[in-house]
Amino acid sequence: MNWNEVLYERCRTGENVLTSESGPEQLIEKVVELEQRVDKLVLANLALWEILKGRMNLTEDLLLSKIREIDLRDGKLDGKIAREVLHCPMCGRVMSTKHAQCLYCGHEKLDTTIYYNLA
Ligand SMILES: [Zn+2]
């Protein structure tokens, strides 16, 4: 099972999804879990950046410039990544990022990039 299939299955089964019936304890647990995941991602990104910076002579200015460029792809400098719209190569309709296949014609969605699927 690849990463997309894992995410699809989690959404389909409702795993890790809060509902309107979730209580305060469940919300706090979810926030704590999300904070831990964010901390791990920050740590992994920092490690990757330090490895790349040292091995490829990259600079903080170059990194900041790239962050700004990506941020501005949707025309807004807001610190957020705009989700790209993916069109089905078979029927041309908009494909959901939450489903592994086109809802209209059933064409299986191919992974574009890791980051696309996380956004
Ligand atoms: Zn389609």
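**Exercise 1. Find the order in which helices and strands follow each other from the N terminus on.**

Step 1: Know what counts. Helices are DSSP runs of H or I with at least four residues, strands are runs of E with at least two, and both are numbered from the N terminus.

Step 2: Walk along the chain. You should get α-α-α-β-β-α.

Step 3: Check your tally: the protein has four helices and two strands.

Before you go on, keep in mind that this is a predicted model: local features need pLDDT of at least 70, side-chain atom pairs count only at pLDDT 80 or more, and totals for chains, interfaces and linings use all residues. Residues are numbered from 1 along each chain as its sequence is written.

**Exercise 2. Compare the reach of H2 and of H3 with the expected span of each.**

Step 1: Get the rule. The expected span is 1.5 Å times one less than the number of residues in the helix.

Step 2: Take H2, residues 24–56. With 33 residues, H2 reaches 47 Å from its first C-alpha to its last, close to the expected 48 Å.

Step 3: Now H3, residues 60–71. Its 12 residues reach 16 Å between first and last C-alpha, close to the 16 Å expected.

**Exercise 3. Work out how many residues of H2 and H3 are buried.**

Step 1: Set the cut-offs. A residue is buried if 20 or more other C-beta atoms lie within 10 Å of its own, exposed if 12 or fewer, and partly exposed in between; the C-beta atoms are placed from the backbone.

Step 2: Count in H2. The number buried among its 33 residues is zero, so H2 lies largely in the open.

Step 3: Count in H3. Here the number is zero too, out of 12 residues, and H3 is hardly covered.

Step 4: Zoom out. Of the 119 residues of the protein, 2% count as buried.

**Exercise 4. Describe Asn 57 and its place in the chain.**

Step 1: Locate Asn 57: you'll find it in the loop between H2 and H3.

Step 2: Look at the backbone. Asn 57 has a positive phi of about 55 degrees, although it isn't a glycine.

Step 3: Check its surroundings. Asn 57 has 8 other C-beta atoms within 10 Å, so it is exposed.

**Exercise 5. Describe the surroundings of Leu 63.**

Step 1: Place Leu 63: it sits in helix H3.

Step 2: Count neighbours. There are 13 C-beta neighbours inside 10 Å, so Leu 63 is partly exposed.

Step 3: List contacts (C-beta atoms, placed from the backbone, within 7 Å). Leaving aside neighbours within four places in sequence, Leu 63 touches Trp 49 and Leu 58.

Technical notes: Two residues are in contact if their C-beta atoms, placed from the backbone, lie within 7 Å.
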